[in-house]
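Open the model in your viewer, with the cartoon and the side chains ready to be switched on separately, and follow the stops below in order.

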Amino acid sequence: MSEANEFAAVTKAFSGLGVDENLFISSLGRWNRYQRESYRVSTPGFFNEDERQFQRWSDHHILQLRQEFLRLKDAVVLYTMHPWERDARLFKEALLLKIPQHDVLIETACTRSSEDLLGARKAYHSLFEHSIEEDIAHHIKAHERKLLVALVSTYRYEGPKVNDDLAKSEAKVFVNALKDAKKNNLIEDEEIVRILSIRSKLHLKAIYSHYKEMTGNFLDEDLDGDLILKQVVQCLCSPQTYFSKILIASLSLDVKESAKDSVTRVIVTRADENDMKLIKEEFQSKYGSTLAAKIQQVANGSYRDFLLTIIAKSD
């Protein structure tokens with residue numbers, strides 16, 4: 001490999017999700033001081049020319065690279081956790097951020113079975129010695145607090161029966177609430193909160209279907225003005241659509257660190273669910289590429305191989 005091609009390969013190994021450890025060993029480890037200096041000079045995106053005449057690492061890239069080296073470790077630790085502990089810790093981390101991650105709270109509360117959500121709440125008690133409901137109420141002061149507390153507290157019916165007349169009636173509740181959305185804050189509507197937090201997922205899918213029949217529109221699309229309610233409806237009625245959107249937005253080199261973290265979270269937490277098969281099908285249908293191909297394109301090294309191994313289980 002020519003020096004220019006080798007430099008390009010090392011830069012790619014530094015640039016994706018995760019790092020290519022083998023390339024660092026086979027190429028970078030062989031370079032002498034002059035080759036390393038030549039690389040620093042030829043890679044101004046990573047190195048800046050200091051006023052005292054040396055090439056210094058960009059502080060931003062040092063921090064970023066440290067995070068990329070940790071990415072595999074974080075994925076492995078999450079993957080080996082008991083699912084209840086994993087979800088409890090994800091709840092906690094989402095709440096401790098300066099701006100709480102509502103999407104993590106919503107996707108965990110709305111896509112788990114009733115038993116697994118209850119298990120995550122029990123694990124939260126053991127790990128943090130108080131309840132997830134208490135912490136949400138403490139950390140979130142905005143209008144969405146009541147809905148989020150209700151979502152994590154619920155124990156939904158998971159049987160096959162759906163009262164279709166009731167579902168049709170409650171679809172009308174959404175139709176009327178959206179007509180008055182400019183006057184009233186939907187997320188504070190007691191009927192909306194009640195329906196979303198207590199009804200079975202099959203019942204909610206029936207509401208979704210009846211809403212489309214009544215309005216000609218999809219309910220989640222009509223909720224574009226309220227991101228939290230849109231995410232709740234998608235996670236309850238069509239989680240594969242929600243997770244596919246999260247993944248396509250995260251599998252890129254120019255996204256925020258919190259978005260990159262979503263790749264690990266989604267793939268690891270969906271690994272043992274039928275969700276992963278549906279997510280891969282939805283991803284390919286919607287974006288014209290397999291999820292595996294997109295991971296190959298963006299991720300590096302052992303982190304990439306670990307993700308590909310996990311998603312291959314659902315083939």
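Keep in mind throughout that this is a predicted model. Begin with helix H12 (201-215) and helix H14 (227-237), because each is counted as a helix from its DSSP run, and each supplies at least two residues of the lining of the largest cavity. Of these elements, H12 deserves a colour of its own, since the largest share of that lining, three residues, comes from H12.

Next, show the side chains of Phe174, Leu196, Leu204, Ile207, Tyr208, Leu219, Val233 and Cys237, which together line the largest cavity. The space that lies within the largest cavity comes to about 40 Å³. What is the character of the residues in this lining, nonpolar, polar or charged? The division is eight nonpolar, no polar and no charged, with Tyr and Cys counted among the nonpolar residue types.

The tour does not end there, for the structure holds two cavities of 30 Å³ or more. For the second largest cavity, select helix H4 (residues 59-80), which provides the largest share of its lining, namely three residues. Then add the complete lining to the view, which consists of Phe14, Phe46, Trp57, His61, Gln64 and Leu65. About 30 Å³ of space lies in this second largest cavity.

Finally, colour the lining of the second largest cavity by residue class, where you should find four nonpolar residues, two polar residues and no charged ones. Set beside this, the lining of the largest cavity has eight nonpolar residues and no polar ones.

Methods. Residues numbered from 1 in each chain as written. Predicted model: local features only at pLDDT ≥ 70, side-chain atom pairs only at ≥ 80, totals over all residues. Heavy atoms only, no water. 1 Å grid on protein atoms, 1.4 Å probe; cavity = no way out; pocket = protein on both sides within 12 Å on 5 of 7 lines; lining within 4 Å. Points joined across faces, edges and corners; volume = space filled by probe spheres on them. Helix = DSSP H or I, 4+ residues; strand = E, 2+ residues; numbered from the N terminus.
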